[in-house]
Amino acid sequence: MPILVRAGPPDRAVGATAKAHDRFLSPPLKARSRLSVSPSSVKGMSTPAPARNRVRPLGDVVAAPGRGAWMGNRGRLHDGAGTREVRRHHVGRAWITCALTFRDRRVRQWDPGHYTPLFFLDEAVSFAAGHRPCAECRRPAFTAFRDLVAVAAGVDRPSAPELDRLLHSERWDPSRRARRLHAYPWADLPDGAFVLLDDEAVLVAGDGLLPWRPDNTYAVQPVPRPGTGRAELLTPPSVVRALRAGLPVQVGAPGG
């Protein structure tokens, strides 16, 4: 069962290929509680190797097992010739996170005329990658996200394109064509945020950190969380401020 938690200027950038919904309603964790997520098993895979359509917390698209809790969209990334080759990191600024099902719509994988469906282990990964809730299929989640980002920033409620511009400036360095990181105090990080620790993406979970693993699960045992100094923040600062203001975030794969 998934778990619902509540939870400065950029200092360096990481290349896109660098190392590294509201229907899930579990009670929120307390601010300093310890989060435990069991890895989910992968069953019934029909192909020898998974497709390259899963997203790491760093935001790059990889081949990894497991379907995940959410679908994403950042434009057509595949080459459009009927293969599963991903040629682009993103197209445009609108990076969204969608429900897996909505009004019986069906999205064809690898269709040459459509966007590339992406999949996230959970919402915490989608936030870290720089995506936001879809304003159509996840309207209540989008509204909550928009309002809390606005409150934390002290601005009027932004439109979806305004949100996209803000998030894109925080997640991507266009001059380097690389992922942007931010310095952030360890002591102020909310549960559900991702940071980079020794080139590894880790989830903030109470007093510990849960590494995201290449098999698209979390490590069973947390590693210690530093109490002082500054972390290298993956989750965009606007999202982190929203988490600190009470934005809920779903953590853990369905059935995990």
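Is Asp-199 buried, partly exposed or exposed, and what is its relative accessible area? Asp-199 is partly exposed, at 43%. That value lies between the 20% and 50% cut-offs, so neither of the outer classes applies. The model is a predicted one.

## Two loop residues with positive phi

Asp-199 sits in the loop between strand S11 (194-197) and strand S12 (200-205). Its phi is positive, near 65°, and it is not a glycine.

Asn-216 is another non-glycine residue with a positive phi, about 65°. Its loop runs between S13 and strand S14 (217-218). Asn-216 counts as buried because its relative accessibility is 4%, under the 20% limit. Asp-199, by contrast, is partly exposed.

## The nonpolar cores

The largest nonpolar core has 51 residues. Which of them touch the most other members? They are Phe-145, Leu-189, Phe-194, Val-195 and Tyr-218.

Phe-194 shows how such a residue is surrounded. Beyond four places in sequence, it touches Pro-57, Ala-124, Val-125 and Ala-128. It also touches Ala-201, Val-202, Leu-203, Trp-212 and Tyr-218. Leu-233, Leu-234 and Thr-235 complete the list. Another core, of eight residues, lies apart from the largest one. Among its members are Ile-96, Cys-98, Ala-99 and Phe-102.

## Strand S13

Two residues of strand S13 (residues 208-213) can be followed here: Leu-209 and Pro-211. Leu-209 is buried, because its relative accessible area is 0%. Pro-211 also counts as buried, at 7%.

Leu-209 contacts Trp-186, Leu-197, Val-202, Leu-203 and Val-204, leaving aside neighbours within four places in sequence. Its other contacts under that rule are Pro-222, Val-223, Pro-224, Arg-225 and Pro-226. With the same neighbours left aside, Pro-211 contacts Glu-200, Ala-201, Val-202, Thr-217, Tyr-218, Ala-219, Gln-221 and Val-223. Val-202 and Val-223 appear in both sets.

C-alpha distances add to the picture. Leu-209 and Gln-221 are twelve residues apart along the chain, and 8.7 Å separates their C-alpha atoms. Pro-211 and Val-223 are also twelve residues apart in sequence, with their C-alpha atoms 7.8 Å apart.

## Helix H1

Helix H1 (residues 123-129) holds Glu-123 and Ser-126. What is the relative accessibility of Glu-123, and does it count as buried or exposed? Glu-123 is at 6%, so it counts as buried. Its side chain reaches the backbone nitrogen of Gln-250 at 3.0 Å. Outside its neighbours within four places in sequence, Glu-123 is in contact with Trp-70, Arg-138, Pro-248, Val-249 and Gln-250.

Ser-126 is buried too, with a relative accessible area of 0%. Not counting residues up to four places away in sequence, it touches Thr-97, Phe-120 and His-131.

## Helix H4

How many of the eight residues of helix H4 (residues 237-244) are buried? Six are, and the helix is mostly covered. The buried ones are Pro-237, Ser-238, Val-239, Val-240, Ala-242 and Leu-243. Gly-246 follows H4. Its phi is positive, near 120°.

## The largest pocket

The largest pocket has a volume of about 530 Å³. Of its 23 lining residues, Met-71, Leu-100, Val-107, Tyr-115 and Pro-117 are the closest to its centre. Three strands give two or more residues each to the lining: S3 (52-55), S5 (70-73) and S6 (96-98).

What is the make-up of the lining by class? It has 14 nonpolar, four polar and five charged residues.

## An exposed loop residue

Arg-177 lies in the loop between strand S9 (172-173) and strand S10 (178-185). Its relative accessibility is 63%, so Arg-177 counts as exposed. His-89 is 88 residues away along the chain, yet the C-alpha atoms of the two are separated by 9.5 Å.

Conventions: Residues numbered from 1 in each chain as written. Predicted model: local features only at pLDDT ≥ 70, side-chain atom pairs only at ≥ 80, totals over all residues. Heavy atoms only, no water. Core = buried A, V, L, I, M, F, W, Y, C linked by side-chain atoms within 4.5 Å. Buried < 20%, exposed > 50% of the residue type's maximum accessible area, 1.4 Å probe, protein only. Contact = heavy atoms within 4.5 Å. Helix = DSSP H or I, 4+ residues; strand = E, 2+ residues; numbered from the N terminus. Polar contact = N/O pair within 3.5 Å; in protein donor to acceptor, adjacent residues only side chain to side chain. 1 Å grid on protein atoms, 1.4 Å probe; cavity = no way out; pocket = protein on both sides within 12 Å on 5 of 7 lines; lining within 4 Å. Points joined across faces, edges and corners; volume = space filled by probe spheres on them. Nonpolar A, V, L, I, M, F, W, Y, C, P; charged D, E, K, R; others polar.
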